[in-house]
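Student: I have a structure open and would like to talk it through with you. Could we begin with the overall layout and then go into the details?

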Amino acid sequence: MKFMQTEKKQLLIYVIIAYGITYVMGLLMWYSYGKGLDLSAFPNAQMLYPAAGVMMAYLITKKGDKNLPTAFYIFFVALTAVLVVCTAASVLVPQNRDLMSMPYSQWAPIMNYVIIGGSVIFWILLLQSGKEKRRSYGLNSEHWNISIRMILLFIGLYLLRFVIACALSGQLSEFGKIMANPTTWIIFFTVLVNFFLSVVAFFGEEYGWRYYLQPLLQKNLD
């Protein structure tokens, strides 16, 4: 099946942002690597490009759609632009210091604060957009029960692997000590909370690849 004219325009916008910005920033990454600078800012920003590409495509081609979550989309694109600027600044205006003999950019914590603050606003605007808009643009999951089951399955298999490893090494009692340690549970809940405070990064790739590009390519192969 061939793409419709609107789909072609959307795909072009998507490619320019998701791949074009990645290519341009890749030149800065190459320069940074040669200078021995900290590169951690690059992947933090790159994770948002795919979703930003989808949103820009829809903002440009679907202006008249009343179900378009405009405020949510504009915010996410703006957040992506801020992270791109921070990434470029980490190269053009580097503030690096050595941390355990490794280069560490002082822009890294700034980007973390931007991601955390952005994630909070992300949830607020997402909820404010309403069920209809979320449903129309793939922002409202209808299968939370399956997601929760998969998460619990992953945790179960991860712990099982650890139990087997301890048993085979004759240190099964160590597993009990780890599970009885309050620090273990603090770390667990910290990871859980951290997901909600860094959701924009995970969302960026899932929305860009899984929601938009994969179905479009599958449609073209039908």
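Student: In what order do the elements run from the N terminus on?

Tutor: From the N terminus on, the order of the elements is α-α-α-α-β-β-α-α-α-α-α-α, and please keep in mind throughout that this is a predicted model. Counted up, the protein has 10 helices and two strands.

Student: And what box do the C-alpha atoms fill, along the principal axes?

Tutor: Taken along the principal axes, the C-alpha atoms of the protein fill a box of roughly 65 × 45 × 35 Å. Of the 222 residues in the protein, 33% are buried.

Student: OK, pockets next. How much space lies in the largest pocket?

Tutor: The largest pocket holds about 1,900 Å³ of space. Its lining is made up of 42 residues, and those closest to the centre of the pocket are Trp-144, Ser-147, Ile-151, Phe-195 and Phe-196.

Student: Which element gives the largest share of that lining?

Tutor: That is α7, which supplies 12 residues of the lining. Several helices take part, since at least two lining residues come from each of α5, α6 (131–136), α7 (144–168), α8 (172–180), α9 and α10 (199–221).

Student: How do the lining residues divide into nonpolar, polar and charged?

Tutor: The lining of the largest pocket has 31 nonpolar residues, together with six polar and five charged ones.

Student: Switching to the outside, which residues form the nonpolar patch on the surface?

Tutor: The patch consists of Tyr-113, Ile-116, Val-120, Ile-121, Ile-124, Val-193 and Leu-197, which together have about 610 Å² of accessible area. Two elements, α5 (107–128) and α9 (182–197), each give two or more residues to the patch, and α5 gives the most, with five.

Student: Take Val-193, then: why does it count as partly exposed?

Tutor: Val-193, which has its place in helix α9, has a relative accessible area of 46%, and it counts as partly exposed because that value falls between the 20% limit for buried and the 50% limit for exposed.

Student: What about Phe-189, where is that one?

Tutor: Phe-189 also has its place in helix α9, and with a relative accessible area of 48% it is partly exposed. If you compare its position with that of Ser-40, the two residues are 149 apart in sequence, and their C-alpha atoms are 25 Å apart in space.

Student: Now charges. How many salt bridges does the count come to?

Tutor: The count comes to one salt bridge, in which the side chains of Arg-135 and Glu-132 meet at 3.4 Å, N to O.

Student: How are Arg-135 and Glu-132 placed in helix α6?

Tutor: Arg-135 and Glu-132 are three residues apart in helix α6, so about one helical turn separates them. On accessibility, Arg-135 is partly exposed at a relative accessible area of 42%, and Glu-132 is likewise partly exposed, at 46%.

Student: Back to α5 for a second, is Ala-108 buried or exposed?

Tutor: Ala-108, which is found in helix α5, is buried, with a relative accessible area of 13%; the reason is that this value is under the 20% cut-off.

Student: How far is Ala-108 from Ala-41 in space?

Tutor: Measuring C-alpha to C-alpha in the model, Ala-108 and Ala-41 are 6.1 Å apart in space, while in sequence they are 67 residues apart.

Student: And Val-200, which helix does it lie in?

Tutor: Val-200 lies in helix α10, and at 0% relative accessibility it counts as buried. For a distance to go with that, the C-alpha atoms of Val-200 and Phe-188 are separated by 20 Å, with the two residues 12 apart along the chain.

How values were computed. Residues are numbered from 1 along each chain as its sequence is written. This is a predicted model: local features need pLDDT of at least 70, side-chain atom pairs count only at pLDDT 80 or more; totals for chains, interfaces and linings use all residues. Side-chain values use heavy atoms; hydrogens and water are left out. Patches are made of residues with over 30% relative accessible area and no salt bridge: like charges are joined within 9 Å, nonpolar side chains (Val, Leu, Ile, Met, Phe, Trp, Tyr) within 5 Å. Accessible areas come from the Shrake-Rupley method with a 1.4 Å probe; for residues, only the protein chains shown count as cover. A salt bridge is a side-chain nitrogen of Lys or Arg within 4 Å of a carboxyl oxygen of Asp or Glu. Helices (H or I, at least four residues) and strands (E, at least two) are DSSP runs, numbered from the N terminus. Buried means under 20% relative accessible area, exposed over 50%, partly exposed in between (1.4 Å probe, protein chains only). On a 1 Å grid over the protein atoms alone, a cavity is a set of points where a 1.4 Å probe fits but cannot get out, and a pocket is an open set with protein on both sides within 12 Å along at least five of seven lines; lining residues have an atom within 4 Å of a point. Grid points are joined across faces, edges and corners, and a volume is the space filled by probe spheres set on the points. Ala, Val, Leu, Ile, Met, Phe, Trp, Tyr, Cys and Pro count as nonpolar, Asp, Glu, Lys and Arg as charged, and the others, Gly among them, as polar.
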